[in-house]
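This briefing goes through one protein model by topic, from a single residue out to the whole fold. Please keep the sequence and the structure in view while reading.

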Amino acid sequence: MAKEEEIVSNDMENILVKEEPIMVLMGVSASGKTTIGELLASDTMYEYYDADSFHPEANIRKMKSGHPLQDGDRWPWLKMIQNSMKYGVEHGHHLIYSCSGLKRVYRDSLKGYYSIPPKENDSKEREILGPALPLQWIYLKGSKELIAKRIAKRSGHYMKPEMLDSQFASLEEPTEDEGVIVVDIDKSPEEIVKEILKKLQEKHKHITEEEWKERFDPSNKDKGCH
């Protein structure tokens with residue numbers, strides 16, 4: 001298993017050096033994924049997609065009734081997100097997604113290292129799965145106490161406060177070999193966005209200063225650029 005993880009890690013670093021990253025904001029419910037995603041998109045020429053909008057109605061009904069989603073509920077949802085990402089990459093779009101990405105297998109499958117859902121022979125047939133997506137995971141990290149306070153203040157959202165325990169129980173925090181950017185959420189959205197952009201530029205040095213400025217100029221959206 002260690003050898004497979006090493007291959008995944010090396011492959012990931014090669015992808016991030018050669019290709020433009022798709023920013024994926026991850027974390028438990030109420031960690032601020034939508035707020036940060038929308039703010040990032042409003043300040044840049046990137047397009048933002050909220051993963052919640054990809055949930056089938058059955059998943060939403062389940063969460064509204066207070067029942068946490070299981071793997072079988074999440075795989076069709078993740079496949080829809082992946083299809084959207086692939087379409088954007090094929091058409092040269094600059095993309096930001098929010099996606100809880102609680103488990104490592106979800107994140108690796110979304111990148112394309114495994115089938116969705118995973119199959120036993122995926123590691124032996126890696127080439128059949130096609131090129132992996134250049135995902136840059138951005139982990140919005142917060143304590144359970146802080147998240148609980150945020151959920152208590154929300155109204156009209158289908159994520160119930162009593163489901164927080166299941167979120168943290170499922171959470172497998174991303175590790176260094178995933179190339180993750182970690183940001184503490186105990187600060188203002190503006191400060192979080194500023195920190196994300198700084199860390200992105202430090203990590204993806206193959207994107208020139210001029211290219212970053214072009215992509216982070218929201219006026220380019222009006223010119224029909226992607």
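Which residues does Ser-109 touch, not counting residues up to four places away in sequence? In this predicted model, Ser-109 touches Trp-75, Gln-82, Tyr-114, Ser-115, Ile-116 and Pro-118, with those sequence neighbours left out. Ser-109 sits in helix α5, and its relative accessibility of 0% makes it a buried residue.

**Confidence and overall make-up**

- The average pLDDT of the protein is 82, and 80% of the residues score at least 70.
- Residues 1–18 call for caution, since their pLDDT is below 50; in the model this stretch nevertheless has 25 contacts beyond near neighbours in sequence.
- The secondary structure consists of nine helices and five strands, which follow one another from the N terminus in the order α-β-α-β-α-α-β-α-β-α-α-β-α-α.
- Of the protein's 226 residues, 47% count as buried, while the surface that the protein exposes comes to about 11700 Å², with carbon and sulfur atoms supplying 51% of that area.
- Among contacts with a separation of 6 or more, 75% are between residues 24 or more positions apart.

**Strands around β3**

- Strand β1, residues 22–26, pairs with β3 in the parallel sense over three bridges, and within this pairing Met-23 has Ile-96 as its bridge partner in β3.
- Strands β2 and β3 also run parallel and are joined by four bridges, with Tyr-97 in β3 as the bridge partner of Tyr-49.
- The side chains of β3 point two ways, Leu-95 and Tyr-97 to one side and Ile-96 and Ser-98 to the other, and all of these residues are buried.

**Aromatic pairs**

- A search of the whole structure finds two aromatic pairs.
- Tyr-49 and Tyr-97 form a stacked pair, because their ring planes meet at 25 degrees, with the ring centres 5.2 Å apart, and planes under 30 degrees apart count as stacked.
- This pair links distant parts of the chain, as Tyr-49 belongs to strand β2 (residues 47–50) and Tyr-97 to strand β3 (residues 95–98), 48 residues apart.
- The two tyrosines can be described separately in terms of exposure: Tyr-49 is partly exposed, with a relative accessible area of 27%, whereas Tyr-97 is buried, with a relative accessibility of 0%.
- Trp-75 and Tyr-106 form an edge-to-face pair, in which the centres are 5.3 Å apart and the planes stand at 90 degrees.
- Here, too, distant parts of the chain are linked, with Trp-75 in helix α4 (residues 71–90) and Tyr-106 in helix α5 (residues 104–111), 31 residues apart; both Trp-75 and Tyr-106 are buried.
- Trp-75 also appears among the residues touched by Ser-109, which is itself located in helix α5.

**Helices α8 and α2**

- Helix α8, made up of 15 residues (189–203), reaches 21 Å from its first C-alpha to its last, close to the 21 Å expected at 1.5 Å a residue.
- The buried residues of α8 include Ile-192, Val-193, Glu-195, Ile-196, Leu-197 and Leu-200, and the elements against which the buried residues of this helix pack are β1, α2 (33–42), β4 (135–141), β5 (181–184) and α9 (209–215).
- In helix α2, the buried residues are Lys-33, Ile-36, Gly-37, Leu-39, Leu-40 and Ala-41, and the elements that cover them include β1, β2, β3, β4 and α8.

**Backbone details in two loops**

- Ile-116 and Pro-117 are joined by a cis peptide bond, with omega at about -5 degrees, and Pro-117 lies in the loop between α5 and β4.
- Ile-116, on the other side of that cis bond, is one of the residues that Ser-109 touches.
- Ala-30 has a positive phi of about 75 degrees, although it is not a glycine, and its place is in the loop between β1 and α2.
- Ala-30 counts as buried, because its relative accessible area is 10% and the cut-off for buried is under 20%.

Conventions:
Residues numbered from 1 in each chain as written. Heavy atoms only, no water. Phe/Tyr/Trp six-rings, centres within 6.5 Å; stacked < 30°, edge-to-face > 60°. Buried < 20%, exposed > 50% of the residue type's maximum accessible area, 1.4 Å probe, protein only. pLDDT = per-residue confidence, 0-100. Contact = heavy atoms within 4.5 Å. Pairing = 2+ DSSP bridges. Expected span 1.5 Å × (residues − 1). Areas by Shrake-Rupley, 256 points an atom, 1.4 Å probe, with all protein chains shown as cover.
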